[in-house]
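Please look over the sequence and the model shown here, with attention to how side chains are distributed between interior and surface. The briefing that follows takes the surface before the core.

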Amino acid sequence: MAASLIRLHFHDCFVQGCDASILLDDSGSIESEKSARPNLNSVRGFEVIDQAKSEVEKVCPGVVSCADIVAVAARDASFAVSLHIN
């Protein structure tokens with residue numbers, strides 16, 4: 001899952017900056033980044049971000065953005081993997 005979270009963060013930041021837009025679902029007027037062809041069946045980890053956001057909202061509602069959660073999840077995932085490599 002670590003690689004998936006890092007990739008999720010990369011794909012979010014790559015298009016128009018780190019704004020968590022990759023987490024948005026399609027609407028009647030737009031095709032979201034989440035279901036865009038390059039990301040379809042490629043980007044994973046959405047459920048991890050959803051769970052983290054849910055837990056954070058319980059403690060400090062309306063304070064921490066989804067973009068921050070994506071960034072911190074990628075950071076923590078890469079750190080956790082580095083502990084197992086050394």
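Phe10 is partly exposed, with a relative accessible area of 46%, where partly exposed lies between buried (under 20% relative accessible area) and exposed (over 50%), using a 1.4 Å probe and protein chains only. This is a predicted model, in which local features need pLDDT of at least 70 and side-chain atom pairs count only at pLDDT 80 or more, while totals for chains, interfaces and linings use all residues. Residues are numbered from 1 along each chain as its sequence is written, and side-chain values use heavy atoms, with hydrogens and water left out.

**Surface**
- Phe10 lies in helix α1, a helix being a DSSP run of H or I with at least four residues, numbered from the N terminus.

**Nonpolar core**
- The largest nonpolar core, a set of buried Ala, Val, Leu, Ile, Met, Phe, Trp, Tyr and Cys residues joined through side-chain atoms within 4.5 Å, has 14 residues, and those with the most contacts inside it include Leu5, Leu8, Ile22 and Phe46.
- At least two residues of this core come from each of α1 (2–16), α2 (46–59) and α3 (66–85), and α3 gives the most, with five residues.
- Ile49 is in contact (heavy atoms within 4.5 Å) with Leu5, Leu8, Leu23, Ile69, Val70 and Ala73, leaving aside its neighbours within four places in sequence.

**A buried lysine**
- Lys53, placed in helix α2, counts as buried because its relative accessibility is 18%.
- Not counting residues up to four places away in sequence, Lys53 touches Val64, Ser65, Cys66 and Ile69.
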